[in-house]
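Colleague: I am new to this structure and would be grateful for a close look at one part, the surroundings of the ligand. Please begin there and then work outward, taking as much care as you need.

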Amino acid sequence: MESHTEKILITGALGQIGTELTNRLVEIHGAENVVASGLDRWQKGITAAGYYERMDVTNTQLVRQIIKDYEITTVYHLASLLSGTSEKQPIFAWKLNLEPLLQFCEMAREGLIQKIFWPSSIAVFGKGIPKENVGQDVVLNPTTVYGISKMAGEKWCEYYFDKHGVDVRSIRYPGLISWKTPAGGGTTDYAVEIFYEAIEEGKYTSFISENTGMPMLYMDDAINATLQLMEAPKENLTVRSSYNLGGMSFTPKELAEEIKKEIPDFEIDYKPDFRQQIADSWPASIDDSVAKKDWGLSYNYGISEMTKDMIKNLKVKLN
Ligand code: AKB
């Protein structure tokens with residue numbers, strides 16, 4: 001039977017998406033209905049959730065107990081290793097990125113929880129796929145550990161929906177840009193680091209080459225999209241693997257030019273590292289028309305609005 005009060009568990013709640021999503025969920029559902037969780041110790045003020053559970057999400061027994069204790073109905077399962085870090089720890093990346101997702105799908109199949117959100121990524125695309133305007137239904141051919149784990153996760157989501165009616169929803173996030181909580185271990189993270197260094201040092205050495213375009217999204221838009229997808233009527237959803245999200249597309253050079261409008265002395269140089277190869281295998285832009293049609297995806301931030309907002313907020317935070 002469907003529960004009327006949503007009781008929410010967020011995994012990876014102290015991460016880049018987790019901190020901001022948790023606070024938005026608290027605004028909507030009330031602190032008493034939101035349980036944040038993560039590997040680290042809780043620090044005062046980091047999220048507004050009513051409860052915090054320090055838990056290793058691969059510890060299935062503990063996770064099940066927490067789901068039961070709090071009578072959780074909805075899980076936002078965000079805990080994941082990103083692309084750069086996954087290349088360094090492939091076996092652990094597979095374990096962390098896949099096994100808990102399967103466990104949550106099993107719990108939903110058993111009727112213990114009712115709804116799951118799970119983030120996929122533009123990393124599912126890969127070799128041999130056109131660079132521009134990549135569609136929802138292209139063949140996936142990831143060449144990274146992270147991309148392989150996300151592709152497999154998407155197929156599991158689709159499987160659990162098709163076979164067992166499990167209501168698991170997913171978005172292929174592009175690079176996420178935000179100022180509240182630092183990103184960590186991603187290929188698109190240059191687009192976050194650059195702001196910190198522009199403000200603190202006036203210069204930045206990019207680990208991605210100047211003309212490499214990648215799709216990016218400002219955190220505000222990412223959170224709105226996530227909540228919109230989770231609130232959409234079930235019958236409107238035509239994609240049960242993961243929805244494409246395009247956001248905006250730019251190169252490091254274009255972003256540097258935008259930053260120079262706000263910080264005229266800013267300087268950039270380029271020293272691509274192993275993440276360049278990852279970026280080269282990813283699309284430069286994404287077609288997200290299916291998400292727009294199915295659940296009304298829209299954006300408030302382009303590159304100029306995002307750059308202005310990042311600099312304004314980071315200047316205050318770093319002072
Ligand atoms: C990464 O760079 O690994 C992530 C992603 C695009 O999924 N930001």
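Modeller: A residue is called buried when its relative accessible area is under 20%, and exposed when that area is over 50%. By this rule Asp221 counts as buried, because its relative accessibility is 1%. With that wording settled, please keep in mind throughout that what you see is a predicted model.

The part you asked about is a shell made up of Leu82, Ser83, Ser121, Ile122, Tyr146, Pro174, Gly186, Thr187, Thr188 and Trp282, which together surround the ligand. When these residues are sorted by character, five are nonpolar and five are polar, while none is charged. The space that the ligand takes is the largest pocket.

Within this shell, three residues bring a polar atom to 2.7 Å from an oxygen atom of the ligand, and they do not all use the same part of themselves to do it. Ser121 offers a polar atom of its side chain, 2.7 Å from a ligand oxygen, and Tyr146 likewise places a side-chain N or O atom 2.7 Å from an oxygen of the ligand. In Thr187, by contrast, the polar atom that lies 2.7 Å from a ligand oxygen belongs to the backbone. The ligand, taken alone, would expose 260 Å², and the protein buries 95% of that area.

Moving outward, we can turn to the strands. Strand β7, which covers residues 175-177, contains Gly175, and this glycine is buried, because its relative accessible area is 1%. Its C-alpha atom is 8.5 Å from that of Tyr218, although 43 residues separate the two along the chain. In strand β6, residues 167-173, we find Arg172, which also counts as buried because its relative accessible area is 3%. The side chain of Arg172 has a partner, since a polar contact of 2.7 Å joins this side chain to that of Glu154. A separation along the chain can also go with a wide gap in space, as with Arg172 and Thr47, which are 125 residues apart in sequence and have their C-alpha atoms 25 Å apart.

The helices deserve the same attention. Helix α6, residues 190-200, has as its buried residues Tyr190, Ala191, Val192, Ile194, Phe195, Tyr196 and Ala198. An α-helix has 3.6 residues a turn, so residues three or four places apart point the same way. After α6 comes Gly202, with a positive phi near 75°. The buried Asp221 with which we began is part of helix α7, residues 219-231, and its C-alpha atom is 17 Å from that of Ser242, which is 21 residues away in sequence.

Finally, the loops. Phe207 is in the loop between β8 (203-206) and β9 (214-218), and it counts as buried because its relative accessible area is 6%; from its C-alpha to that of Phe274, 67 residues away in sequence, the distance is 8.3 Å. Glu71 belongs to the loop between α2 (60-69) and β4 (74-77), and this residue is exposed, because its relative accessibility is 62%. Most residues other than glycine have a negative phi. Glu71, however, has a positive phi near 50° without being a glycine, and Asn133, also not a glycine, has a positive phi of about 50°. Asn133 is placed in the loop between β5 (115-121) and α5 (145-164).

Note on methods: Residues are numbered from 1 along each chain as its sequence is written. This is a predicted model: local features need pLDDT of at least 70, side-chain atom pairs count only at pLDDT 80 or more; totals for chains, interfaces and linings use all residues. Side-chain values use heavy atoms; hydrogens and water are left out. A residue is near a molecule or strand if one of its heavy atoms lies within 4 Å of it. A polar contact is a pair of N or O atoms within 3.5 Å; within protein, one must be able to donate a hydrogen and the other to accept it, and residues adjacent in sequence count only if both atoms are side-chain atoms. Accessible areas come from the Shrake-Rupley method with a 1.4 Å probe; for residues, only the protein chains shown count as cover. On a 1 Å grid over the protein atoms alone, a cavity is a set of points where a 1.4 Å probe fits but cannot get out, and a pocket is an open set with protein on both sides within 12 Å along at least five of seven lines; lining residues have an atom within 4 Å of a point. A molecule sits in a cavity or pocket if more than half of its atoms lie within 2 Å of its grid points. Ala, Val, Leu, Ile, Met, Phe, Trp, Tyr, Cys and Pro count as nonpolar, Asp, Glu, Lys and Arg as charged, and the others, Gly among them, as polar. Buried means under 20% relative accessible area, exposed over 50%, partly exposed in between (1.4 Å probe, protein chains only). Helices (H or I, at least four residues) and strands (E, at least two) are DSSP runs, numbered from the N terminus.
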